[in-house]
Amino acid sequence: MGVVTKAIDDINREYLEIAYAENDRLFIPIDQADKISKYVGGEENEPNLSRLGSVEWKNVSMKVKKETQKIAKELLELYAKRAQAKGTVYNQDNEDQRLFEESFPYEETPGQMKAILDVKADMESGRPMDRLVCGDVGFGKTEVAMRAAFKAVQSGKQVAFLSPITILATNITKLS
């Protein structure tokens with residue numbers, strides 16, 4: 001319904017006001033707004049409002065709880081399987097890797113260096129890698145990827161490198 005100011009124990013705070021059926025209201029402190037989300041659906045699929053604490057409310061809450069527990073169980077099983085899975089153990093860096101990395105013209109940022117070391121540690125661990133390297137344009141993600149690709153090739157593996165832009169693809173071709 002919007003934001004309202006309420007005084008509780010002589011302290012004024014702002015709350016989000018949420019409407020339920022039959023004029024029920026729920027007030028969420030603004031600093032806890034991240035705990036709610038807006039209903040997303042078409043106008044033809046408007047949600048049915050129920051009263052807080054009603055049987056319908058309890059049934060929906062129980063259904064959500066059971067579904068959440070099911071998802072949590074599936075995730076735990078998935079992570080347990082991944083923890084047991086064996087991956088490729090890539091070779092440790094050698095002289096060729098060192099020379100390749102020295103050929104890069106820019107000095108690595110601390111964040112980039114951490115990403116490089118973390119990716120290499122993942123590659124040498126023997127576990128399947130679950131890592132996403134992300135950052136703004138021009139902050140060296142390609143150099144991190146090229147080091148990993150070189151390491152994979154040095155361990156006898158094939159590498160495919162997909163590039164969204166021509167200039168990047170051209171520069172990668174020059175490196176290889």
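These exercises walk through one protein model, each with a worked solution.

The model is predicted: local features need pLDDT of at least 70, side-chain atom pairs count only at pLDDT 80 or more, and totals for chains, interfaces and linings use all residues. Residues are numbered from 1 along each chain as its sequence is written, and side-chain values use heavy atoms, with hydrogens and water left out.

**Exercise 1. Overall build**

Task: State how many helices and strands the protein has, and in which pattern they follow.

Solution:
- Step 1. Know the terms. Helices (H or I, at least four residues) and strands (E, at least two) are DSSP runs, numbered from the N terminus.
- Step 2. Count them. There are five helices and three strands.
- Step 3. Read along the sequence. The pattern is β-β-β-α-α-α-α-α.

**Exercise 2. Overall dimensions**

Task: Set the radius of gyration of the protein beside the value for a compact globule of 176 residues.

Solution:
- Step 1. Take the rule. The radius is taken over C-alpha atoms, and the globule rule is 2.2 Å times the number of residues to the power 0.38.
- Step 2. Apply it. A compact globule of 176 residues would come near 16 Å, but the protein has 26 Å.
- Step 3. Look at the axes. The C-alpha trace spans about 75 × 40 × 35 Å along its principal axes.
- Step 4. Check burial. Buried means under 20% relative accessible area, exposed over 50%, and partly exposed in between (1.4 Å probe, protein chains only). Of the 176 residues, 18% count as buried.

**Exercise 3. The first hairpin and the next loop**

Task: Describe how strand 1 and strand 2 pair, then find the positive phi angles of Asp-9, Glu-22 and Asn-23.

Solution:
- Step 1. Define pairing. Two strands pair if DSSP finds at least two bridges between them.
- Step 2. Apply it. Strand 1 (residues 2–8) and strand 2 pair in the antiparallel sense over seven bridges. Lys-6 stands opposite Arg-13 in strand 2.
- Step 3. Go to the turn. Two residues lie between the strands of this hairpin, and Asp-9 takes a positive phi near 55°.
- Step 4. Recall the background. Most residues other than glycine have a negative phi.
- Step 5. Move to the loop between strand 2 and strand 3, where Glu-22 lies. Its phi is positive, about 55°, although Glu-22 is not a glycine. Asn-23 is found in that loop too, with a positive phi of about 70°.
- Step 6. Check accessibility. Glu-22 is exposed, at 62% relative accessible area. Asn-23 is exposed as well, at 61%.

**Exercise 4. Two residues of helix 4**

Task: Decide whether Arg-147 and Ala-152 are buried or exposed, and list their contacts.

Solution:
- Step 1. Place them. Arg-147 is in helix 4 (residues 141–154). Ala-152 lies in helix 4.
- Step 2. Use the cut-offs. Arg-147 is buried because its relative accessible area is 2%. Ala-152 is buried because its relative accessibility is 7%.
- Step 3. Find the partners. Contact means heavy atoms within 4.5 Å. Leaving aside neighbours within four places in sequence, Arg-147 contacts Gln-97, Phe-100, Glu-101, Phe-104, Glu-108 and Ile-116. Not counting residues up to four places away, Ala-152 touches Tyr-90, Met-123, Lys-157 and Val-159.
- Step 4. Compare chain and space. Ala-152 and Thr-88 are 64 residues apart in sequence and 9.7 Å apart, C-alpha to C-alpha.

**Exercise 5. A pocket and a cavity**

Task: Describe the linings of the second largest pocket and the largest cavity.

Solution:
- Step 1. Define the spaces. On a 1 Å grid over the protein atoms alone, a cavity is a set of points where a 1.4 Å probe fits but cannot get out; a pocket is an open set with protein on both sides within 12 Å along at least five of seven lines; lining residues have an atom within 4 Å of a point.
- Step 2. Define volume. Grid points are joined across faces, edges and corners, and a volume is the space filled by probe spheres set on the points.
- Step 3. Sort residues. Ala, Val, Leu, Ile, Met, Phe, Trp, Tyr, Cys and Pro count as nonpolar; Asp, Glu, Lys and Arg as charged; the others, Gly among them, as polar.
- Step 4. Take the pocket. Its volume is about 810 Å³. The lining has 22 residues, with Ile-18, Ala-19, Tyr-20, Tyr-39 and Leu-49 nearest the centre. Helix 1 gives the most, five residues. The split is 14 nonpolar, five polar and three charged.
- Step 5. Take the cavity. The largest cavity has a volume of about 40 Å³. Among its lining residues are Asn-91, Asp-93 and Lys-151. The split is no nonpolar, six polar and two charged.
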